[in-house]
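Me: I have some short questions about this structure. Please reason briefly and end each reply on the answer.

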Amino acid sequence: MNEKITNPTDCISLLLPYAKKKQEHFGIIFLDSGKNVISKKVLFIGTCNKAFISIREIFWEACKKNAVAIIAFHNHPSGDTAPSLEDVESTKAIKKAGELMGIQLLDHIIVSKYSYYSFCEHNFFDESESENCVAEK
């Protein structure tokens, strides 16, 4: 793919194909140590308002790709990119598992046909982690 990710908007062109999907698509952008895209993969497809994810499957794929960092993404078919409670909880779980695995979660981006929401841009991550966030501070 040969793209470097320096901020959330760098991801948007990669995620546009999912913006108008009628079902939730949850996937991962896999990155090397220089924040270069290794690949992108949709791992789970759900209903019009929910996708069930498996933390194990996310990190199994990340290990297979030899990823150092990941960016989670999914779409909201409703058009409203505000994260749900489930989105927040799953982001926390992915982040925690990544810390144990040595694979850093840099962001979680929600896209719709109207806009996007970046957890990183909205200060979801601790200040001590802000230098690792893909959003430039």
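Me: How long is the polar contact that joins the side chains of Thr6 and Asn7?
Reply: The model is predicted, and the value is computed from it. Thr6 is found in the segment before α1, and Asn7 lies in that segment too. Their side chains are joined by a polar contact of 3.4 Å.

Me: Which other side chain does a polar contact join to Asn7, at 2.4 Å?
Reply: One polar contact of Asn7, at 3.4 Å, goes to the side chain of Thr6. The contact of 2.4 Å joins the side chain of Asn7 to that of Thr9.

Me: Is Thr6 buried, partly exposed or exposed?
Reply: Buried needs under 20% relative accessible area, and exposed needs over 50%. Thr6 has 33%, so Thr6 is partly exposed.

Me: And Asn7, buried or exposed?
Reply: The cut-off for buried is under 20%. Asn7 has a relative accessibility of 18%, so Asn7 counts as buried.

Me: How far apart in space are Thr6 and Ser118, C-alpha to C-alpha?
Reply: In sequence, 112 residues separate Thr6 and Ser118. In space, their C-alpha atoms are separated by 13 Å.

Me: Which backbone oxygen lies 2.8 Å from a polar atom of the side chain of His25?
Reply: His25 lies in strand β1, residues 25-31. At 8% relative accessibility, His25 counts as buried, because the limit is under 20%. The oxygen at 2.8 Å from its side chain belongs to the backbone of Gln23.

Me: Which residues does His25 touch, not counting those up to four places away in sequence?
Reply: Gln23 falls within those four places, so leave it out. The residues touched by His25 are then Tyr18, Val42, Phe44, Ile45, Phe73, His74 and Asn75.

Me: How are α2 and α3 oriented to each other: parallel, perpendicular or oblique?
Reply: Helix α2 spans residues 55-64 and helix α3 spans residues 85-101. Their axes are 10 Å apart, at an angle of about 45 degrees. Under 35 degrees would be roughly parallel, and 65 to 115 roughly perpendicular. The two helices are therefore oblique.

Me: What is the handedness of the crossing of α2 and α3?
Reply: Look at where the helices meet. From α2 come Ile55, Ile58, Phe59 and Cys63; from α3 come Ala93, Ile94, Ala97, Gly98 and Met101. As α2 passes α3, the crossing is right-handed.

Me: How many charged residues has the contact of α2 with α3?
Reply: Sort the contact by class. Eight residues are nonpolar and one is polar. Gly counts as polar, which makes Gly98 the polar one. The number of charged residues in this contact is no more than none: there are no charged residues.

Key
Residues are numbered from 1 along each chain as its sequence is written. This is a predicted model: local features need pLDDT of at least 70, side-chain atom pairs count only at pLDDT 80 or more; totals for chains, interfaces and linings use all residues. Side-chain values use heavy atoms; hydrogens and water are left out. Axes are lines fitted to C-alpha atoms, for helices over the stretch in contact, and angles run from 0 to 180 degrees between N-to-C directions. Helices (H or I, at least four residues) and strands (E, at least two) are DSSP runs, numbered from the N terminus. Angles under 35 degrees count as roughly parallel, over 145 as roughly antiparallel, 65 to 115 as roughly perpendicular and the rest as oblique. A crossing is left-handed if the near helix is turned anticlockwise from the far one by less than a right angle, and right-handed if clockwise. Contact means heavy atoms within 4.5 Å. Buried means under 20% relative accessible area, exposed over 50%, partly exposed in between (1.4 Å probe, protein chains only). A polar contact is a pair of N or O atoms within 3.5 Å; within protein, one must be able to donate a hydrogen and the other to accept it, and residues adjacent in sequence count only if both atoms are side-chain atoms.
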